[in-house]
Number of protein chains: 2
Amino acid sequence: MRLLDYFRYIRNSTTNSTAGIAKERLQVLVVDEGSERNASSYLPQLQNEILAVIKKYVSVSDDAVQIQLDHDDHQDILELNITLPEH
Amino acid sequence: MRLLDYFRYIRNSTTNSTAGIAKERLQVLVVDEGSERNASSYLPQLQNEILAVIKKYVSVSDDAVQIQLDHDDHQDILELNITLPEH
């Protein structure tokens with residue numbers, strides 16, 4: 001449950017800093033940990049396919065998507081932050 | 001960069017507790033935050049489609065996948081933990 005606790009923490013700190021204005025946001029995080037294959041090579045393609053899947057369920061404009069790819073010796077990380085339209 | 005810092009922390013604590021044995025693991029986290037639509041209704045289907053996409057890139061047996069769905073008043077969370085085969 002540690003990941004969940006972390007997101008509760010993030011949500012609480014975000015809510016405080018925006019004086020209670022709640023925007024809907026979708027976050028997707030993919031972490032390849034302890035990888036010996038080069039995950040960096042497939043994460044960009046995976047990212048496009050995951051985004052295509054998400055667009056089946058929620059309305060997403062291209063400028064509402066922030067993408068971050070990062071890696072170190074031990075893990076590759078793909079992070080998608082999507083601001084959803086108000087409805 | 002907070003998410004990345006968090007995962008670095010998790011990796012370090014995991015490495016310590018397993019005396020340096022590094023298994024490859026893929027973690028996927030989807031968080032729908034500030035949702036007014038009922039994200040719980042689409043997350044199970046999204047989960048299946050994301051898993052299908054991941055299986056295009058890495059070899060995943062069904063018993064290697066742990067799935068957790070959770071929600072509270074403010075967010076819906078889908079977590080996939082996949083242990084990858086040694087290679």
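## Helices, sheet and core across two chains

In this predicted model, the cover over the buried residues of α2(B) includes α2 of chain A, together with β1 (25-33), β2 and β3 of chain B.

**Exercise 1.** Determine which residues of α2(B) are buried, and check the length of this helix against the expected rise per residue.

*Solution.* Begin with burial, for which the cut-off is under 20% relative accessible area. The residues of α2(B) that are buried are Leu43(B), Leu46(B), Gln47(B), Glu49(B), Ile50(B), Leu51(B), Val53(B) and Ile54(B). Next, take the length: α2(B) has 13 residues, which at 1.5 Å a residue should span 18 Å, and because its end C-alpha atoms are 18 Å apart, the two values agree. Finally, place the helix on the sheet, where α2(B) touches β1, β2 and β3 of chain B and makes an angle of about 30° with the direction of β3(B).

**Exercise 2.** Work out what the buried residues of α2(A) pack against.

*Solution.* First list these residues, which are Leu43(A), Leu46(A), Gln47(A), Glu49(A), Ile50(A), Leu51(A), Val53(A) and Ile54(A). They pack against β1 (25-33), β2 (65-71) and β3 (75-83) of chain A, and also against α2 (43-55) of chain B. The direction of α2(A), which lies across those three strands of chain A, is at about 30° to β3(A).

**Exercise 3.** Establish the order of the strands in the sheet, and explain why β2 of each chain has one side without a neighbour.

*Solution.* The open sheet is formed by six strands with antiparallel pairing, in the order β2(A)-β3(A)-β1(A)-β1(B)-β3(B)-β2(B). Since β2 of chain A and β2 of chain B stand at the edges, each has a single partner strand, and therefore one side of each is left without a neighbour in the sheet. From one strand to the next, the twist averages 10°. Between the chains, β1(A) and β1(B) run antiparallel and are joined by nine bridges, with Leu26(A) having Asp32(B) as its bridge partner. Within chain B, β2 and β3 pair over seven bridges in the antiparallel sense, and a hairpin of three residues joins β2(B) to β3(B).

**Exercise 4.** Identify the residues with the most contacts inside the largest nonpolar core, and the elements that contribute to this core.

*Solution.* The largest nonpolar core has 34 residues, and those with the most contacts inside it are Val30(A), Ile50(A), Ile54(A), Val30(B), Ile50(B) and Ile54(B). Two or more residues each come from β1, α2 and β3 of chain A and from β1, α2 and β3 of chain B. A second, separate core has six residues, among them Leu29(A), Ile77(A), Leu29(B) and Val31(B).

Notes. Residues are numbered from 1 along each chain as its sequence is written. Chains are lettered from A and ligands numbered from 1 in the order in which they are written. This is a predicted model: local features need pLDDT of at least 70, side-chain atom pairs count only at pLDDT 80 or more; totals for chains, interfaces and linings use all residues. Side-chain values use heavy atoms; hydrogens and water are left out. Buried means under 20% relative accessible area, exposed over 50%, partly exposed in between (1.4 Å probe, protein chains only). Helices (H or I, at least four residues) and strands (E, at least two) are DSSP runs, numbered from the N terminus. Contact means heavy atoms within 4.5 Å. Two strands pair if DSSP finds at least two bridges between them. The expected span of a helix is 1.5 Å times one less than its number of residues. A nonpolar core is a set of buried Ala, Val, Leu, Ile, Met, Phe, Trp, Tyr and Cys residues joined through side-chain atoms within 4.5 Å. Axes are lines fitted to C-alpha atoms, for helices over the stretch in contact, and angles run from 0 to 180 degrees between N-to-C directions.
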